[in-house]
Amino acid sequence: MQYEVKGGNLPVVLIKLEQGERVTCESGAMAWMDRGIRMETEGGGIGKMFGRAFTGESLMLNHYTAERAGEIAFNSSFPGSIKVIEVTPEKPVIAQKGAFLASCGNINMSVHFQKKIASGFFGGEGFLMQKFEGNGLVFLEIDGSAIEYELQPGESKVVDTGYLAMMDATVSLDIETVKGVKNVLFGGEGFFNTVLTGPGKIVLQTMPISGTASVIARYIPSGN
């Protein structure tokens, strides 16, 4: 299997499948494909279906299997980037809700609960995230551009709400309150920041869709 990401800020990932190879995506993610690629839709059980719904994904997954060699394309649903992540049994990853686009190989996607309730509700990524385990490639949608950091053991990065796209499972997530009344009321950064502590890789996004939606909403006339 070979892949290539094209399209700049409106990206699409082109995947070339050999006969017998299979790729999985969320419902509606396929943009175009060659003839000879067969689609199968399944839910994988009630528990997994509800888990995907809680993390912002579609209830069903589509599996595309190449009956002969061909190309299939998956497009991002929002201007930004498509990040390709290699997952191994020793290196599972955790991503924001709704980030999953497609996967190849033996990948298990499950709900990841934040261990600390406060981190879940106030850390910017919500109480539920997605965890990817197994052996293969995961294609993730990133809001805006993707910025990577490799955190050393004990090294921390303070992140504003919504900017975390993905992290290695070895990275811990916590929250801290913004100190100072004036900072909270007039700083424009909210009440809490997300604190990510290594070791492990983190991927931050430059244009969280939630923040973009808030800006657009200011220019939409309100109804009478």
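Colleague: In which strand does Tyr3 lie?

Modeller: This is a predicted model, where local features need pLDDT of at least 70, side-chain atom pairs count only at pLDDT 80 or more, and totals for chains, interfaces and linings use all residues. Residues are numbered from 1 along each chain as its sequence is written, and side-chain values use heavy atoms, leaving out hydrogens and water. Strands (E, at least two residues) and helices (H or I, at least four) are DSSP runs, numbered from the N terminus. Tyr3 belongs to residues 2-6, the strand E1.

Colleague: Does Tyr3 count as buried, partly exposed or exposed?

Modeller: Buried means under 20% relative accessible area, exposed over 50%, and partly exposed in between (1.4 Å probe, protein chains only). Tyr3 has a relative accessibility of 39%, so the residue counts as partly exposed.

Colleague: What accessible area do Met1, Tyr3 and Val5 have together?

Modeller: A nonpolar patch joins Val, Leu, Ile, Met, Phe, Trp or Tyr side chains within 5 Å, from residues with over 30% relative accessible area and no salt bridge. Met1, Tyr3 and Val5 form such a patch on the surface, and their accessible area together is about 240 Å².

Colleague: Which strands stand at the edges of the open sheet that contains E1?

Modeller: Two strands pair if DSSP finds at least two bridges between them. The sheet has four strands in the order E1-E2-E7-E4, with antiparallel pairing. One side of each edge strand has no neighbour in the sheet, because each has a single partner strand; these strands are E1 and E4 (30-33).

Colleague: Which residue of E7 stands opposite Leu14?

Modeller: Strand E2 (residues 12-17) and strand E7 (residues 70-75) are antiparallel and share six bridges. Opposite Leu14, E7 places Ala73.

Colleague: How many of the six residues of strand E6 are buried?

Modeller: In a regular strand, side chains alternate between the two faces of the sheet. On one side of E6, Leu61, His63 and Thr65 are buried, and on the other so are Asn62, Tyr64 and Ala66. Strand E6 (residues 61-66) is therefore largely enclosed by the rest of the structure, its buried residues numbering six of the six.

Colleague: Which residue of E6 stands opposite Glu40?

Modeller: E6 runs antiparallel to strand E3 (residues 22-26), joined by five bridges, and there Val23 has Tyr64 as its bridge partner. Six bridges also join E6 to strand E5 (residues 37-42), again antiparallel. Opposite Glu40 in E6 stands His63.

Colleague: Which residues are linked with Arg38 in a network of salt bridges?

Modeller: A salt bridge is a side-chain nitrogen of Lys or Arg within 4 Å of a carboxyl oxygen of Asp or Glu. Arg38 meets Glu40 with the closest N and O atoms 3.6 Å apart, and meets Glu67 at 2.9 Å, N to O. The second pair links distant parts of the chain, 29 residues apart, with Arg38 in strand E5 and Glu67 in the loop between E6 and E7. The network thus links Arg38 with Glu40 and Glu67.

Colleague: How far apart in sequence are the parts tied together by Lys83 and Glu148?

Modeller: The side chains of Lys83 and Glu148 form a salt bridge at 2.0 Å, N to O. Lys83 is in strand E8 (residues 80-87) and Glu148 in strand E12 (residues 146-151), so the parts tied together are separated in sequence by 65 residues.

Colleague: Which peptide bond is cis, with omega near 25 degrees?

Modeller: Pro199 lies in the loop between strand E16 (192-197) and strand E17 (200-205). The cis bond leads to this proline: Gly198 to Pro199.

How values were computed
Patch = residues over 30% accessible without salt bridge, like charges linked within 9 Å, V, L, I, M, F, W, Y side chains within 5 Å. Areas by Shrake-Rupley, 256 points an atom, 1.4 Å probe, with all protein chains shown as cover.
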